[in-house]
Each structure stands twice: as structure tokens, then as C-alpha cells.
Amino acid sequence: MTKVTKLKYGNTKCYLVKGTKKTILIDTDWAGTLPNFFRALGEHNLKIQDISYLFITHYHPDHMGIAQNLVDYGVKLVVLDSQLKFLHQSDYILERQPEKHFEPINDKQIILLPLTESRKFLKDCGINGMIISTPGHSDCSVSYIMDNEEAFVGDLYPLEQVDLYNDPVLTKSWEKLKKANVTLIHFAHYSDEEILDWDRIKIKHIIDC
């Protein structure tokens, strides 16, 4: 049994997923938001020591801005093998904002995880699910799919917008989610969506922003 807690302390919705053994955090926000992060944890009666691992849906600045800050506090950053070459793609953006005190990710401190081993890793945390590559918004995008049919997809464009983009890469990513029988989608910026009918694209929007 997993418990999901939404943290929004800036522009990005981040998610704590508590398994029976470990708790993981999916995404962070911009550099400079660490005090807001601690405040958000406190509002849920949580502390940083409760978090074992940090995962990032994709390495854009509004998703990995305080990743190294959290590593410095003892949270372990797990990088999927499909994401490794993108680890520093946002550094140049964040380093142009010195007042934000950005810390680049220390490559020597990461845990590199093959996508093919993600289910075992999550199971060891007491979480039933897997991680898959879902490019479309960015080449390094991944989605976290729980066996209870929930998915955390970061900035993947919503299903009802797929036809507008006419992008085979995006279409394939959504086909993967359909194959995984996902029915509840947690986005980083859009409202959550409950998919009522995949074939007819019937969707219920859950206002949670």
C-alpha cells in the first residue's frame, strides 16, 4: 500500500510516494526553493530524513533545481540510464541566476539505474510499479507507473493534446501508458486527469493545482 503526498512549493507539483519500506520524491522545483521545500514538508508533518530517494521526470530547471541541495542533506538521487547524458543540460540556465545559489549535480554521488531494473528497485522500497521512458516533452522524460494504475508523468503533454502535436514520439509514449492500463495521471503543471475511456479519449479533469 503506497501513500501519495503532493508538494507544491513553487511552480512544479512534486510527489512523495511512501512505500512500505522507503519513501521516494518525484521531482523538485527551481533553484532557490529549498526553504519553501522544507516549509512544505513541515506542513505535512514530514522531514527530509523521511525521504530515501529522489527521482526526476526530466532534467529541465524547474524539475531538478534543488536536486543537489537534497543530496547534500542525505537524499540519494537516482538517475535512469536513459537520462544520464541529459544530467547537466539545464546547468547553463540555472548558473545564469547566481542569486539562486544553484548547485550542479555531483555525478559521483548519483545512483545509476537501468530502466529494466526499475521494478526491482521500487519493490525494494515497498512500492509496486515501474519506470518507463516517455519522451515527447523532452528526450529524457520518464514516467513512474504504479500497479494501482496511477502514473506520474512530469511535463508529458496531456492525452487530449496528442493529435495537435502530430508527433509520433509523443504518440508512442501515450501508447505505452495505455498498455500499462494507467487510469489516473499526475502531471507537474496540468490538472490531474482520470482517463475514463482510452479509445474514445474520455477524460475527467481533477482540479488540484
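**Figure 1. The surroundings of H63 in this predicted model.** Leaving aside residues up to four places away in sequence, H63 touches T12, D27, T28, I56, T57, H58, G154, D155, A188 and H189. The structure shown here, as in every view that follows, is a predicted model. H63 itself is found in helix α2, which covers residues 61-64. Among the residues that H63 touches is D27, and the side chains of H63 and D27 make a polar contact at 3.0 Å. Is H63 buried or exposed? With a relative accessible area of 0%, H63 is buried, because the word is used for residues under 20% relative accessible area.

**Figure 2. The open sheet of six strands.** The six strands of this sheet follow one another in the order β1-β2-β3-β4-β5-β6, and their pairing is mixed. At the edges stand β1 (3-8) and β6 (111-113), each with a single partner strand, so one side of each is left without a neighbour in the sheet. On average, and with direction ignored, neighbouring strands of this sheet are turned by 25° against each other. As background to the views of strand pairs below, strands of a sheet pair through backbone hydrogen bonds, either parallel or antiparallel.

**Figure 3. Strands β1, β2 and β3, joined through two hairpins.** Strands β1 and β2 pair in the antiparallel sense over six bridges, and they form a hairpin with four residues between them. Within this pair, K3 has K18 of β2 as its bridge partner. K18 also appears in the next pairing, where its bridge partner in β3 is T23. Strands β2 and β3 pair in the antiparallel sense over four bridges, and they too form a hairpin, with four residues between them. How many of the six residues of strand β2 (residues 13-18) are buried? Five of them are, so strand β2 is largely enclosed by the rest of the structure.

**Figure 4. The parallel pair of β3 and β4.** Strand β3 (residues 23-26) and strand β4 (residues 53-55) pair in the parallel sense, and three bridges link them. In this view I26 can be found opposite F55, which belongs to β4.

**Figure 5. The largest nonpolar core and a second core.** The largest nonpolar core has 30 residues, of which L7, L25, F37, Y59, L70 and L77 touch the most other members. At least two residues of this core come from each of β2, α1 (34-43), α3 (67-72) and β5 (76-80), and α1 gives the most, with four residues. L25 may serve as a starting point for the eye: not counting residues up to four places away in sequence, L25 touches L7, C14, Y15, L16, F37, I51, Y53, L54, F55 and L70. Apart from the largest core lies another core, of 19 residues, among them Y53, V78, L122 and I127. In soluble globular proteins, nonpolar side chains tend to be buried together.

**Figure 6. Two cysteines, C14 and C125.** How many disulfides does the structure hold? The structure holds zero disulfides. C125 is in no disulfide, and the nearest cysteine sulfur, that of C14, is 18 Å away, whereas a disulfide needs a pair of cysteine sulfur atoms within 2.5 Å. C14 is buried, with a relative accessible area of 0%, and C125, at 2% relative accessibility, also counts as buried.

Methods. Residues numbered from 1 in each chain as written. Predicted model: local features only at pLDDT ≥ 70, side-chain atom pairs only at ≥ 80, totals over all residues. Heavy atoms only, no water. Buried < 20%, exposed > 50% of the residue type's maximum accessible area, 1.4 Å probe, protein only. Polar contact = N/O pair within 3.5 Å; in protein donor to acceptor, adjacent residues only side chain to side chain. Contact = heavy atoms within 4.5 Å. Pairing = 2+ DSSP bridges. Axes fitted to C-alpha atoms, helices over the stretch in contact; angles between N-to-C directions. Core = buried A, V, L, I, M, F, W, Y, C linked by side-chain atoms within 4.5 Å.
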